[in-house]
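Biologist: Could you walk me through this model and tell me what stands behind each label?

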Amino acid sequence: QSVPLNCNPVTINFGNNVNTLSSLSISGANINFSSDNTSYHATVESDNVEIKATTTDSKATVKGTGKIKLNYGENNLKVVVTAENGLTKTYTLKITRPDNRSSNNDLTNIKLSTGNLKFDKNTTKYTVNVSNEVETINITYDLADTKSKAELMGNKKFSVGENKFTIKVIAENGKVKEYNIIVIRDKKIEITNSNNHQSNSKSNS
């Protein structure tokens, strides 16, 4: 004889699916927030922003907030909301940081301690000849922009023939220009006394 089983219904709660924000803010920018709008654009002059967000449902969680460092140009950020039941929604933020740094990587002058160099800021290759008697050479230059920096590279030993030097100028924004200088040191000229050579030849005969 079968015995009837009394079964009580079991309710399984997977949680609600509310994964929206009730507020979203970007420091240094004003955005017209709506919980249904998931894409925003903003321009910020600072090198960092603070993202703040509040979930519509207290049981939902949010990631992607806090203080965030910005690169120059466009920064793509995401704020992800996860509902109680695991369903996610992503709010995308495109934050532009304008690059107002100087791009000037020019020189206003290049001078050699010996030799003639006709300078033009748009000319980046020079060749200068000097005599063999020149054993050292000094190269000086002036920056067009004080926010830029430069480095002189080249031959440590000033030799006969080609000596290559490069002035590497880096603008404030990192843009690079190189001025290349080739200084050619002449060979030593050997002078022989033809009269002495002839007299020596006669005496030996």
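What follows is a chat about the labels and the values behind them.

Modeller: First the ground rules: this is a predicted model, where local features need pLDDT of at least 70, side-chain atom pairs count only at pLDDT 80 or more, and totals for chains, interfaces and linings use all residues. Residues are numbered from 1 along each chain as its sequence is written, and side-chain values use heavy atoms, with hydrogens and water left out.

Biologist: How many helices and strands does the chain have, and what makes a run count as one?

Modeller: There is one helix, along with 13 strands. Both are DSSP runs numbered from the N terminus: H or I over at least four residues for a helix, E over at least two for a strand. Along the sequence the pattern reads β-β-β-β-β-β-β-β-β-β-β-β-β-α.

Biologist: Which strands form the open sheet, and what makes two strands a pair?

Modeller: The order is β9-β13-β12-β11, with mixed pairing. Two strands pair if DSSP finds at least two bridges between them. For β12 (residues 161–170) and β13 (residues 176–185) there are ten bridges, and the strands run antiparallel. Set against a cut-off of at least two bridges, that makes them a pair. In that pairing Gly-161 sits opposite Arg-185, and Lys-164 faces Ile-182. The turn of their hairpin has five residues between the strands, and Gly-174 takes a positive phi near 95 degrees there.

Biologist: And how do β11 and β12 pair?

Modeller: In the antiparallel sense, over six bridges. Glu-151 has Lys-168 in β12 as its bridge partner, and a six-residue hairpin connects the two strands.

Biologist: Why are β9 and β11 at the edges of the sheet?

Modeller: β9 (125–130) and β11 (149–154) each have a single partner strand, so one side of each is left without a neighbour in the sheet. On average, neighbouring strands here are turned by 20 degrees against each other, direction ignored. The axes behind that value are lines fitted to C-alpha atoms, for helices over the stretch in contact, and angles run from 0 to 180 degrees between N-to-C directions.

Biologist: Why is the pair of Phe-33 and Tyr-91 called tilted?

Modeller: Rings of Phe, Tyr and Trp (its six-membered ring) pair if their centres lie within 6.5 Å; planes under 30 degrees apart are stacked, over 60 edge-to-face, and the rest tilted. Phe-33 and Tyr-91 are 6.4 Å apart centre to centre, with 40 degrees between the planes, and the pair is tilted. Phe-33 lies in the loop between β1 (21–26) and β2 (39–43) and Tyr-91 in β7 (residues 88–97), so the pair ties together parts that are 58 residues apart in sequence. Ring pairs also bring in Tyr-40, giving a cluster of Phe-33, Tyr-40 and Tyr-91.

Biologist: Is Tyr-91 buried or exposed, and what about Phe-33?

Modeller: Buried means under 20% relative accessible area, exposed over 50%, and partly exposed in between (1.4 Å probe, protein chains only). Tyr-91 has 0%, so it is buried; Phe-33 has 23%, so it is partly exposed.

Biologist: What makes Phe-119 and Tyr-179 a tilted pair?

Modeller: Their ring centres are 6.0 Å apart and the planes meet at 40 degrees, so the pair is tilted. Phe-119 is in the loop between β8 (107–112) and β9, and Tyr-179 is in β13, so this pair ties together parts 60 residues apart in sequence. Tyr-179 is buried, at 0% relative accessible area.

Biologist: How do you know that Arg-97 sits over the ring of Tyr-72?

Modeller: A charge sits over a ring if NZ of Lys or CZ of Arg is within 6 Å of the ring centre and within 35 degrees of the ring normal. Arg-97 lies over the face of Tyr-72 at 3.8 Å from the ring centre, and Arg-101 lies over the face of Tyr-72 at 3.9 Å.

Biologist: Why is Lys-63 called exposed, and which residues does it touch?

Modeller: Lys-63 has a relative accessible area of 65%, so it counts as exposed. Leaving out residues up to four places away in sequence, Lys-63 touches Lys-78, Val-79 and Val-80, where contact means heavy atoms within 4.5 Å. Lys-63 lies in β4 (residues 61–63), and its bridge partner in β6 is Val-80.
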